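Below are my notes on the model, set out as numbered points. They go from the whole chain to individual helices and loops.

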Amino acid sequence: MKRISEIYGSTKGPVYSFEFFPPKTPEGDVKLMETVKELSSLHPDFVTVTYGAGGSTKDKTVEISSLIGKNHSIPAVPHFTCVGADQAQILESLKRIRSEGILNLMALRGDPPKGQGEFKKTPGGFENATELISFIRLENLDFCIGGGCYPEKHPDAKTLEEDVRHLKLKVEAGADFLVSQLFFMNSAFEKFLNLVRKIYKRVSKTDFTK
């Protein structure tokens, strides 16, 4: 199975991917796999599978990602967050994911559980995605790690420039590729890229996907 960084590094054109949300019912599971089969005929470069608010679908996320990779030979990238787990629990989960043959991972801070207004670090856990990515690298888990970026600024950042400086730390911690949050104005993405290039001095166009 290819690493996402290799896909971006070797492409000479656009990279296409789909994102799937784990269903909540057995009927939804069947429908999802039918959809994956149908969309596989379009030959996406990879797909991602979300984690659910508060990590509510973490087991299903891994299961679906594993099935997609094994049954359709498409690199499947499960989301993985810091929510509701300490370092020991996170390490155990990561080892399980790797044992499923999953090579690529989206490492995110994650949204707080439903009803919790703001993110709260789990005792013994991590404050943000940068800490999570650094931990994965220190544990020598052989993942190709993706991180999130925010063309319209992360909600917790005071300014876009502050957010991009945090993004630089995320890359330095070991993120191999970045996937942007949804944006509605191309001008916002161009402004974001220009600021990234200013702060980084040099960034390849293939380091980002819309």
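1. Contacts first. This is a predicted model, and its contacts are counted between residues at least 6 apart in sequence; of these, 77% join residues at least 24 apart. Buried residues make up 45% of the 210 residues in the chain.

2. Overall dimensions. The C-alpha trace spans about 45 × 45 × 35 Å along its principal axes. For 210 residues, a compact globule would have a radius of gyration near 17 Å; the chain has 17 Å, so the value agrees with that expectation.

3. Secondary structure. The chain has seven helices and seven strands. In sequence order they follow the pattern α-β-α-β-α-β-α-β-α-β-α-β-α-β.

4. S1, H2 and S2. Strand S1 (residues 17-20) runs parallel to S2, and four bridges join the two. One pairing to look at is Phe20, whose bridge partner in S2 is Val49. Together with H2, these strands make a β-α-β unit that is right-handed.

5. The loop after H2. His43 lies between helix H2 (26-40) and strand S2 (46-49). Its phi is positive, about 55°, although His43 is not a glycine. Is this residue buried or exposed? With a relative accessibility of 65%, His43 counts as exposed, because the cut-off for that class is over 50%.

6. Helix H4. This helix (residues 87-99) has 13 residues and reaches 18 Å from its first C-alpha to its last, close to the 18 Å expected at 1.5 Å a residue. Ile90, Leu91, Leu94 and Ile97 are its buried residues. They cover an arc of only 125° around the axis, and therefore sit on the same side of H4. The general rule behind such a pattern is that an α-helix has 3.6 residues a turn, so residues three or four places apart point the same way.

7. The surroundings of H4. What do the buried residues of H4 pack against? Their neighbours are helix H3 (58-72), strand S3 (76-81), strand S4 (104-108) and H5. The other side of H4 carries Ala88, Glu92 and Ser99, which are exposed.

8. The loop before S5. Asn140 is placed in the loop between helix H5 (129-138) and S5. Phi of Asn140 is near 55°, again a positive value in a residue other than glycine. Asn140 is exposed, since its relative accessible area is 68% and the class begins over 50%.

9. S5, H6 and S6. Strand S5 (residues 144-149) and strand S6 (residues 177-180) run parallel and are joined by four bridges. Within this pair, Gly148 stands opposite Val179 in S6. From S5 the chain crosses through H6 to S6, and the β-α-β crossover is right-handed.

10. Helix H6. At 1.5 Å a residue, its 14 residues (160-173) should span 20 Å, and the end C-alpha atoms are 20 Å apart, which agrees. The buried residues of H6 are Leu160, Asp163, Val164, Leu167, Lys170 and Ala173. Seen down the axis of H6, they fall within an arc of 165°, so they line one face of the helix. Note that Asp163 and Lys170 are among the buried residues.

11. The end of H6. Gly174 comes just after H6 and takes a positive phi of about 135°.

Definitions and conventions. Residues are numbered from 1 along each chain as its sequence is written. This is a predicted model: local features need pLDDT of at least 70, side-chain atom pairs count only at pLDDT 80 or more; totals for chains, interfaces and linings use all residues. Side-chain values use heavy atoms; hydrogens and water are left out. The expected span of a helix is 1.5 Å times one less than its number of residues. Buried means under 20% relative accessible area, exposed over 50%, partly exposed in between (1.4 Å probe, protein chains only). The arc is that of the directions from the helix axis to the C-beta atoms. Two strands pair if DSSP finds at least two bridges between them. A crossover is right-handed if, with the strands pointing away from the viewer, the path from the first strand over the helix to the second runs clockwise. The radius of gyration is taken over C-alpha atoms; the globule rule is 2.2 Å times the number of residues to the power 0.38. Contact means heavy atoms within 4.5 Å.
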